[in-house]
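Work through the exercises below with the model open. Each task is followed by a solution in steps.

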Amino acid sequence: MVISWIKLPKLSDTNVVKLPGHVSTPIVQLNINAITSAGRASEEQALRTLRKTLTLTDEVRGSIVSDAQHLVKECRKHSHERSFLDQFLAEYGLSSSAGVALMCISEALLRIPDERTADALLSERLSTADWAEHLGHSDSLFLNASTWALLLTGKVMSLQPSITQNVTDWLASLVANVGETAIRAAMAHAVRILGNEFVFGPTIENALNRAQRLGTACSFDMLGEGARTTRAADEYFDAYVTALKAIAEANKDASNPSGMSVKLSALHPRYEPLQRKRVLRELGARMHELVALAADVDVQVSIDAEEANRLELSLEIFEGLARSKALRDWNGLGFVVQAYSKRSYAVVDWLEDLASLTNRTIPVRLVKGAYWDAEIKAAQVDGLPGYPVFTRKASTDLAWLAALRHLFASEHLYAQVATHNAYSIAAALRLANGQRFEFQRLHGMGELLYSHAQTYFDDMPQVRVYAPVGEFRNLLSYLVRRLLENGANASFVNRFLDDQLPIEDVVQDPIEVVERRQFGSHPQIPLPPDLYGESRKNSVGIDLGDRHMVEGILAVVNSVSVGSLQAKASSETEIARSFEKAAQAFSEWSRTSAPERRQILERYAELLERHRAQFIRLLRDEAGKTLTDAVAEVREAADFCRYYGAECERRFKPETLSGPTGEVNVLSYRGRGVVVCIAPWNFPLAIFVGQVAAALAAGNVVIAKPAEQTPMVGRYAIELFEDAGLPEGALQIVYGDGTIGSQLVAHDQCAGVAFTGSFAAAKAIQRTLADRDGPIVPLIAETGGVNAMLIDSSVLLEQTVDDIISSAFRSSGQRCSALRLLCVQDDVEEALLDMLINATRLLLVGDPRDEATDVGPIIDTDALNRINAYIERVHPNIVYQYELESSFRSTHCPPTIVQVDSIQAVREEIFGPVLHVYSYQTARWKETLESIRDTGFGLTFGVQTRIQKRAQIAAEAIGAGNSYINRDMIGATVGVQPFGGHGLSGTGPKAGGPNYLLRLAEEYVVTDNIVATGGDKDLLRLED
């Protein structure tokens, strides 16, 4: 057998290619390096830099605090005047179970089309919260009635004293007497009431009429989730166009003209950093058309802020608009800056340069930020060196002050100060120094605060209302996000009217707070590299939103020399020699202490990350990996080494066991001997390294066989172990197909096998081991599965579709954990399939060398032919198949969606981008679970529902090795989601889990009878 592969130099410290810190050509015409650098700074460094810009005298700082405290006092005197939404947030914060329950109900209830699921949601949420703690607290009968959703037909029912004395019994009797249907209708009505308090109007016409009646200037926000399909993006675009024309008409008679806010994610379904070229071309043209219309009718448009990894892309689009000749004389193009971002000050600086360069005034809405918790989690999951946001609220407040001061100092920026905070209002008025600006508040919030600010301050500017517009059904997730932000325990909105809190605690100088904390980050939020504490380091990822980083890595990846090398499958002689060398090395390696073994694995993990670019190239060229998949695989390999190293040191210490006095019993572990590791081609680095690292950590020596299709990845990984200090002979590599694997496991010196691959191959290995003479040899086998995801009608379709596409089509479906069978409740099947098909249509199937590629090639021709043959058999049931370019038809499989009428119709694992869809009735969801379980596979399972009890029942009923609730089903994290199945899906124990090493080790106990050699001294010395 002759294999073509990439020729790389042998690894050594002298030829490690170092990634550049930045590229010389900025990604936009204006220099964005300062923004990039600010994002990479540590939190302490960022705060100290910002503090230097805030040259405020003690007198000014003191006056700001004094003004703010006075404002809070006045508001507390008139707390009965606050809006219903303010009352709601004050009563239901994140600290209350009822608050969380109500948010969950409001997020899902009106979206659920069937009564059974709606009743199940209500039953769960009404029973899990402590409603008694809220009943009667408010002086608002309206709020108390809303607590129990008794707004029947719009009539508020008074609450009897008996209700407050035994809330639990009252609620049980209410459900029994009135019925769940009536309670559901009442709660739905209550949620609508809350929504009406929050939404300015269901249509732009309604909203404009309301603004006219109130005499309020607004920035209208057209509600909805980001687009997942072209059709949704077109609908949002049309809604924006309609709104612009209507606002322009209304502005003719308005003394305070209104404007509009635009979400870029609503106007392009692939608004993602790696889709940059496509987004700049398509969204850039669409935004130019929209903004040109806004300029023509003279309606201000602000580009709303979104997730941190989209910031640079947003700035590129914004710069293109600002430089447009058609918009040269118009000053209505605005941008939103989030102060919780470490880059906020640098962004304001960049906007000032852009405004100066284009000779325009740019309105800048300065907000605190809307996705804080999501940004924290994303940075941890992605393995970033730090967070893009500050981890303390006071730090965000300081950054907000610094950015505000910068805005006021600018000649070309118009400050739109968005806040519901008394300190922020007072600070803006003190720092403006005659500069023209405006305040902005969210509709339904801050009315009392601004009302008294207008009374207290003589120089209050215009207050513009950020006004959500849309049907209530479209606001649900948006509403919950706002409730969570403003109902958070640290939120000013949630605290300033609480008489139990001293005003001095509610209003504080953020500069003083940050300095008192020595500019430190939150002690309970570790940096992403420190996520696992002292046990191990988190692997290093890539910030895909940082163009400098992405381009730097790609430059190195593409610079690696490529050649060809012929290699033959290992001969019987070579295999025998490998076993001989390994057996000779076992004596020395087995005596190596656990801490020493860990040190070698730690060094190896560091080398993996230092040579990341080379491995990305190998994974791309040999296995067809996309950039994101290759980065994730290098990270997983490093995680395996660090985790098994830590587990080795933790678990392989001699342990003294309890027993009778006078003897000592010590349990210890040691390696078994030569362990054979057989890795698959779909994860040729991560699984290969994981198997090897585990066997070595347990004190074994290893003979490793990489997959026939990916030998170069294996060779390169083995060479790296040598550089990490592994003794010669402890790790041998052999090449070849399945016949070579059979020879390895049949060898009489094979003392253990770690295998990942097909079930048939695992059974063959099992039979070979059973037929051998001598000791029983342990086998760890991880095979595939017909992995299912169950979806009910309570889900948010946009999030669910994202998870389905990632689970089914990422890595071209060539994952053991990939989604194969989608079971969807019939009430939402049509809507979900429509969105899923149209979202799949937008994937880029193509060359993995292109960073924008979503779906790469199938591993080889044989595999592709098998998949295509299956697709041909089920062709009549195909509901969608991606249209491939002709140049890819010999290497790629198009994502394909197949409708099936039973779960039993999916009898085998199709290892490619083929998704089967089965529709079930909600009354038969438990039977559906039983059918999934009866397939005999037990690898991964997904369930998507807002009903927690239903999710738990489903996960327990299936009992898969890995069950995922409300997320995708792939990408198990080492040590966090140990991976592996049972039944037809493997033997266990789970890779990346606490029991894996023990299967590869021998236990032995030494008992020492100390009484026989002089007595039990400790016992004899006991005092009476």
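The exercises treat the nonpolar cores and one sheet of this predicted model.

**Exercise 1.** Find which residues of the largest nonpolar core touch the most other members, and which helix gives the largest share of the core.

Solution.
- Step 1. The core holds 120 residues, and those touching the most other members are Phe220, Met287 and Phe439.
- Step 2. Helix H12, residues 230-251, supplies the largest share of this core, with 11 residues.
- Step 3. A separate second core has 89 residues, among them Val556, Cys750, Leu769 and Ala1001.

**Exercise 2.** List what Phe220 touches, leaving out residues up to four places away in sequence.

Solution.
- Step 1. Take contact as heavy atoms within 4.5 Å.
- Step 2. With those sequence neighbours left out, Phe220 touches Phe200, Ile204, Ala207, Leu208, Ala211, Ile247, Ser258, Gly259, Met260, Ser261, Ala467 and Val469.

**Exercise 3.** Determine the strand order of the open sheet of five strands, and identify its edge strands.

Solution.
- Step 1. The order is E13-E12-E11-E14-E15, and the pairing is parallel.
- Step 2. Strands E13 (731-733) and E15 (779-782) each pair on one side only, which makes them the edge strands.
- Step 3. From one strand to the next, the twist averages 15°.

**Exercise 4.** Describe the pairing of E14 with E15, then state which strands helix H25 touches.

Solution.
- Step 1. Strand E14 (residues 750-756) pairs with E15 in the parallel sense over four bridges.
- Step 2. Phe755 has Ala781 in E15 as its bridge partner.
- Step 3. Helix H25 (residues 572-590) packs on the sheet and touches E11 (674-678), E12 (701-705), E13 and E14.
- Step 4. The direction of H25 makes about 145° with that of E12.

How values were computed
Residues are numbered from 1 along each chain as its sequence is written. This is a predicted model: local features need pLDDT of at least 70, side-chain atom pairs count only at pLDDT 80 or more; totals for chains, interfaces and linings use all residues. Side-chain values use heavy atoms; hydrogens and water are left out. A nonpolar core is a set of buried Ala, Val, Leu, Ile, Met, Phe, Trp, Tyr and Cys residues joined through side-chain atoms within 4.5 Å. Buried means under 20% relative accessible area, exposed over 50%, partly exposed in between (1.4 Å probe, protein chains only). Helices (H or I, at least four residues) and strands (E, at least two) are DSSP runs, numbered from the N terminus. Two strands pair if DSSP finds at least two bridges between them. Axes are lines fitted to C-alpha atoms, for helices over the stretch in contact, and angles run from 0 to 180 degrees between N-to-C directions.
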